[in-house]
Amino acid sequence: MAILVDKSTRLLVQGITGKAGGFHARSCMEYGTHLVAGVTPARGGEVFADKIPVFDTVFEARQQTGCNATMIFVPAEFAADSIMEAVDSGIELIICITEGIPVIDMMRVKAAMTGGKSRLIGPNCPGIITPGQCKIGIMPGYIHKPGKVGVVSRSGTLTYEAVWQLSARGHGQSTCVGIGGDPINGTSHLDVVKMFNDDPDTEAMILIGEIGGTAEEEAAAWLAENCKKPVAAFIAGATAPPGRRMGHAGAIVSGGKGTAAGKIEALRAANIEIAETPADMADALLRRMARA
Amino acid sequence: MNIHEYQAKELLDKFGVPNSPGGVASTPEQAEKVARSLGTNNLVVKSQIHAGGRGKGTFTSGFQGGVHLCKTANQVRDIAEQMLGKTLVTHQTGPEGRVVRKVLVSKSVEIARELYFAILIDRATSIPMIVASTEGGVDIESVAATTPEKIIRMSVDPLYGLLPYQTRKLAKLLGMTSTEMRLACKLFAGLYKLFIRSDCSMVEVNPLVVTKGGEVLALDSKINFDDNALFRHPDILAYRDIEEENPREVEASKFNLNYIGLDGNIACLVNGAGLAMATMDIIKHHGGEPANFLDVGGGATEQQVTEAFKILISDKRVKAILVNIFGGIMKCDIIAQGIINAVRAVNLPVPLVVRLEGTNVEAGRKLLNDSKLPLLAATDIADAAKKVVAAVK
């Protein structure tokens with residue numbers, strides 16, 4: 001079963017005629033994802049990859065193809081508008097890959113989405129994959145294997161690292177969700193962890209966090225109270241100097257808040273096994289499973 | 001991006017936020033002229049550098065203090081003479097210090113009360129939050145730690161903005177009289193407008209002062225911007241002062257590379273911010289010290305990788321380089337070609353450890369092997385860290 005995406009997902013790609021949008025739309029299709037439409041304003045009527053119709057607006061794409069998920073590759077200046085367009089058209093799952101969206105734009109998007117039916121993953125994220133069923137994002141599909149471990153992370157390449165280690169040890173993944181590195185994002189660690197907890201096909205989880213914010217602490221507190229499945233975690237940025245923004249807009253330690261040490265302490269208190277290094281993520285989960 | 005105090009003052013003026021009158025000067029004569037135009041005998045001269053602790057700093061000439069109170073315009077000129085073109089060392093500049101190219105001359109005010117006022121985006125709720133306190137002029141973190149009840153927090157609905165009643169409530173919570181409140185409401189509204197319209201990540205006024213004459217002024221302001229939004233603010237981008245930045249960081253920014261200089265001797269070239277941080281962590285875990293954070297991003301070109309290499313080896317402290325790439329958007333063969341070209345172009349002076357994994361990894365490894373370059377291949381991230389740490393020992 002897995003979470004969020006599966007064989008029934010009907011995908012739209014916003015920004016499909018762009019270089020990155022086209023490349024990744026093709027790669028998702030080759031993986032087996034059911035791509036049904038593309039949108040690029042003023043390019044309506046074109047056909048992508050000989051069979052996928054391109055529309056001017058999401059509203060038309062939804063009406064004519066029944067797409068229920070969208071992957072956004074629109075440039076940062078226009079991406080907030082594209083998210084809102086998808087919300088307006090009733091797209092259930094919105095995955096925004098675009099990085100560099102102004103924080104104030106995302107603040108307005110988030111406020112406008114409150115109480116609505118759409119779920120946003122990202123922005124500035126690698127996307128989401130249910131191995132063997134559906135890939136919506138920029139991750140290399142071949143490293144994944146169908147299985148029982150859920151992975152949630154702010155960082156793309158660290159997610160691939162964890163997946164690589166799991167697959168190499170014979171453990172497949174139920175679903176891997178990249179929630180993105182921005183300070184304001186649509187879906188949090190906690191939201192994903194709750195879905196994994198409710199998913200019968202997910203038997204264990206790896207949670208990958210970064211310095212900055214308090215999302216990892218919130219997930220840890222909830223897990224301690226509600227989750228019996230084994231969980232391992234890694235926090236990146238233990239050696240990052242305070243006050244400097246390490247790439248991701250969210251990855252900054254300021255005023256003593258959001259430190260790796262604080263997050264690790266909160267996770268340990270929730271009986272979560274800590275990966276000491278990024279090479280130790282899968283092994284940490286195996287240690288936790290062994291003592292479950 | 002950081003800006004100078006005099007630039008922050010220009011923004012405050014633009015948004016109608018009252019602050020102490022003054023002007024910027026690049027020569028002692030200009031400083032004197034600004035002082036005369038202010039028509040007061042209570043003056044202050046401040047060195048303009050991107051670092052804190054200026055008041056307690058020392059110039060390499062031996063002159064004490066980067067901030068001075070003056071009584072006459074002639075005195076302002078003499079003090080400016082001691083500062084301009086000289087190097088100021090503070091606890092934040094490091095021993096090399098920073099050259100003072102401009103001074104801000106302003107009216108010094110008589111302070112009755114010092115308060116604190118800041119606007120930022122609260123990550124937990126994803127909306128703007130105002131943080132204020134009656135305890136201004138001191139480190140707000142220590143106020144929050146010792147007397148948390150003295151910290152006022154107020155959320156702002158991003159779709160409505162800061163409402164007039166909220167500004168009145170804030171003024172009252174800060175212990176203001178009716179007259180002071182009227183002035184403060186205008187100041188708070190102006191700051192919020194500045195925050196939103198300029199895409200700030202934080203505006204901090206410390207201290208916000210009530211003067212003995214009953215004015216309410218933003219005496220010292222720190223403004224940070226959301227780098228992602230600078231594309232729509234050419235006026236703010238023009239405030240960038242490249243002289244104040246690490247030259248390698250400036251060079252990296254020209255090629256859209258995300259580089260941050262650190263103090264160690266192991267350079268890293270990584271794709272993805274999370275993996276770049278984690279690579280620094282694992283180097284340290286195995287007993288090494290990273291020389292930098294460098295994220296070459298999701299769609300780096302061969303030219304970007306070549307430039308990244310040049311930047312890394314321009315740091316003479318670097319004794320070894322670790323390349324750690326897990327390819328998603330970024331294809332391993334592109335990275336490999338970039339490494340080969342860069343190594344050939346610059347005649348690499350230090351050992352290189354390469355770890356590639358992901359899209360087109362076989363093609364990438366083949367390119368590296370066929371190149372006959374002297375590099376150490378690593379099988380995984382732990383192996384890579386161990387090999388690079390061993391290389392500098």
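Here's a quick briefing on a sheet, the helices lying across it and an aromatic contact between chains. Keep in mind that this is a predicted model. In chain A, 7 strands make up an open sheet with mixed pairing, and α9(A) lies across four of them: β10, β12, β13 and β14. Over all chains, the structure has 5 aromatic pairs.

**The sheet in chain A**
- The strand order reads β9-β8-β11-β10-β12-β13-β14.
- β9 (134-137) and β14 are the edge strands, each with a single partner, so one side of each has no neighbour in the sheet.
- β13(A) and β14(A) run parallel, paired over 2 bridges; A:E273 in β14(A) is the bridge partner of A:A232.

**Helices across the sheet**
- α9(A) spans residues 281-290, with A:M281, A:A282, A:A284, A:L285 and A:R288 buried.
- Those buried residues sit on the same side of α9(A), because they cover an arc of only 160° around the axis.
- They pack against β10, β12, β13 and β14 of chain A, and also against α5 (156-168).
- α9(A) runs at about 135° to β12(A).
- Chain B chips in too: its own helix α9 (residues 273-285) lies across β12 and β13 of chain A, at about 85° to β13(A).

**The aromatic contact between chains**
- A:Y160 and B:F326 have ring centres 5.8 Å apart and planes at 50°, so the pair counts as tilted.
- This pair links helix α5 of chain A to strand β17 (residues 320-327) of chain B.
- Both partners are buried: A:Y160 has 4% relative accessibility, and B:F326 has 0%.
- A:W164 joins A:Y160 and B:F326 in one aromatic cluster.

Technical notes. Residues are numbered from 1 along each chain as its sequence is written. Chains are lettered from A and ligands numbered from 1 in the order in which they are written. This is a predicted model: local features need pLDDT of at least 70, side-chain atom pairs count only at pLDDT 80 or more; totals for chains, interfaces and linings use all residues. Side-chain values use heavy atoms; hydrogens and water are left out. Buried means under 20% relative accessible area, exposed over 50%, partly exposed in between (1.4 Å probe, protein chains only). Helices (H or I, at least four residues) and strands (E, at least two) are DSSP runs, numbered from the N terminus. The arc is that of the directions from the helix axis to the C-beta atoms. Contact means heavy atoms within 4.5 Å. Rings of Phe, Tyr and Trp (its six-membered ring) pair if their centres lie within 6.5 Å; planes under 30 degrees apart count as stacked, over 60 as edge-to-face and the rest as tilted. Two strands pair if DSSP finds at least two bridges between them. Axes are lines fitted to C-alpha atoms, for helices over the stretch in contact, and angles run from 0 to 180 degrees between N-to-C directions.
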